[in-house]
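Trainee: I'm new to this one. Could we go through it together, with you showing me how each label is earned?

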Amino acid sequence: MATFLDEMLERCRSTARAATESVRDLAFPPCCRFCQRLVASNQDFCRSCRVGLTASEPQMRCGCGRCGWPLGRMPAEETRLPTECPQCKDQSFHFDRVIPMWMYQGMVCDAVVAAKYFSQSSLADTLGRRLGGIVSERLAEDRVDAVTFVPSHFTRQLSRGGIGVQTLATAVAKRMGTPCKSLLKATRRIAKQAWLDDASRVHNVRDAFRLKKSYAFGSSPDLCHRHILLVDDVFTTGATTNEVARVLRSGGVSKVSVAVVARSVRSAHSSPGPQRFQDATAPKRERIRNRSRDARTG
Ligand SMILES: [Zn+2]
Ligand SMILES: [Zn+2]
């Protein structure tokens with residue numbers, strides 16, 4: 001009798017759930033998180049955006065286990081990613097590994113810029129959940145104690161009307177079932193890294209971050225001998241993430257993994273000119289900024 005009642009109750013619940021979802025979909029039709037086209041209720045992106053955004057995902061999965069540089073297909077017999085590559089073998093980092101989701105190119109550049117703005121926080125959330133799934137797979141045997149993020153200066157947050165990277169990190173942490181902690185603070189407003197050459201990027205971020213007071217004194221149990229996952233949106237030369245990882249290590253963190261939505265694949269040793277790199281997508285970025293501003297004021 002009890003089993004029959006349980007079954008009836010469960011049927012009623014699932015019918016009510018389906019009805020609620022149908023009403024919600026009618027009132028708020030599910031849209032592509034990037035271009036706002038209508039999509040099926042179980043889809044985050046429309047087909048065109050999904051193809052454009054995720055095309056590089058398989059390639060980025062087969063990257064250097066240390067710097068995330070894509071290395072092409074892994075040999076069939078290999079089960080572990082290489083621990084260094086020609087791109088990073090002469091470099092020293094304060095982080096242990098970079099896990100990139102996509103290559104920083106084309107539509108991905110637009111999505112990354114858009115996700116910084118308050119009006120596009122559902123896009124940041126979607127990107128974060130997807131990145132969290134990839135990180136969970138990669139770090140299945142290397143438990144993360146907490147997720148944190150590269151902080152931005154409050155004046156930058158005001159100009160964007162949002163906390164893009166924090167939204168991203170919160171979604172990553174939620175997907176991983178790990179706490180997200182705001183461990184760091186930006187000490188000053190820095191120039192945008194994309195406008196600078198490689199040497200200037202290192203100088204630009206030097207001492208630009210510090211641990212928050214509650215974690216800075218003594219041996220904080222949140223940091224000491226912990227494995228921290230540092231989330232950021234883009235990894236280009238790694239100057240910013242390296243500086244933040246250095247600050248985390250100064251607090252006693254024993255391992256820093258970095259997860260990013262996108263990794264630039266221009267050579268760190270060449271000097272293609274960041275301005276040229278930036279300019280290639282500048283018109284599209286301008287359109288996105290305008291769209292975000294219109295959404296805020298509209
Ligand atoms: Zn779309
Ligand atoms: Zn490498």
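Trainee: Which residue of β6 stands opposite Trp102?

Mentor: Ala262 in β6 stands opposite Trp102. Before we go on, this is a predicted model: local features need pLDDT of at least 70, side-chain atom pairs count only at pLDDT 80 or more, and totals for chains, interfaces and linings use all residues. Residues are numbered from 1 along each chain as its sequence is written, while chains are lettered from A and ligands numbered from 1 in the order in which they are written.

Trainee: What makes something a helix or a strand here?

Mentor: Both are DSSP runs, numbered from the N terminus: H or I over at least four residues for a helix, E over at least two for a strand. By that count the protein has twelve helices and six strands.

Trainee: How do you know that β1 and β6 pair?

Mentor: Two strands pair if DSSP finds at least two bridges between them. Six bridges join β1 to β6, so they qualify, and they run parallel. Met103 stands opposite Arg263 in β6.

Trainee: And what joins β5 to β6?

Mentor: Eight bridges, again with the strands parallel. In β6, Ala259 is the bridge partner of Val231. To get from β5 to β6 the chain passes through helix α10 (residues 239-250), and this β-α-β crossover is right-handed. That word applies if, with the strands pointing away from the viewer, the path from the first strand over the helix to the second runs clockwise.

Trainee: What is the order of the strands in the open sheet?

Mentor: It's β1-β6-β5-β2, four strands with parallel pairing.

Trainee: Why are β1 and β2 called edge strands?

Mentor: β1 and β2 (146-149) each have a single partner strand, so one side of each has no neighbour in the sheet. Neighbouring strands of this sheet are turned by 25 degrees against each other on average, direction ignored. For angles, axes are lines fitted to C-alpha atoms (for helices over the stretch in contact), and angles run from 0 to 180 degrees between N-to-C directions.

Trainee: Which strands does α5 touch as it packs on the sheet?

Mentor: α5 touches β1, β5 and β6, and its direction makes about 135 degrees with that of β1. A contact means two C-beta atoms, placed from the backbone, within 7 Å.

Trainee: Why does the span of α5 agree with what's expected?

Mentor: The expected span is 1.5 Å times one less than the number of residues. For the 18 residues of α5 (residues 121-138) that gives 26 Å, and the end C-alpha atoms are 25 Å apart, which agrees. α10 does well too: twelve residues reach 17 Å from first C-alpha to last, close to the 16 Å expected.

Trainee: What makes α10 largely enclosed?

Mentor: A residue is buried if 20 or more other C-beta atoms lie within 10 Å of its own, exposed if 12 or fewer, and partly exposed in between; C-beta atoms are placed from the backbone. Nine of the twelve residues of α10 are buried, so the rest of the structure largely encloses this helix. Among them are Val244, Ala245, Val247 and Leu248. Their cover includes β3, α8, β4 (209-211), β5 and β6.

Trainee: Which residues are buried in α5, and how covered is β6?

Mentor: The buried residues of α5 include Leu123, Leu127, Leu131 and Val135, and what covers the buried residues there includes β1 (97-103), α4 (106-114) and α7 (164-176). As for β6, eight of its nine residues are buried. Over the 298 residues of the protein, 34% count as buried.

Trainee: Why is Thr187 called exposed?

Mentor: Thr187 has 12 C-beta neighbours inside 10 Å, so it counts as exposed. Thr187 is in the loop between β3 (184-186) and α8 (198-205). Leaving out residues up to four places away in sequence, Thr187 touches Asp207, Ala208, Phe209 and Arg210.

Trainee: What is the phi of Asp207, and where is this residue?

Mentor: Phi of Asp207 is near 60 degrees, a positive value in a residue other than glycine. Most residues other than glycine have a negative phi. Asp207 lies in the loop between α8 and β4, and 10 other C-beta atoms within 10 Å make it exposed.
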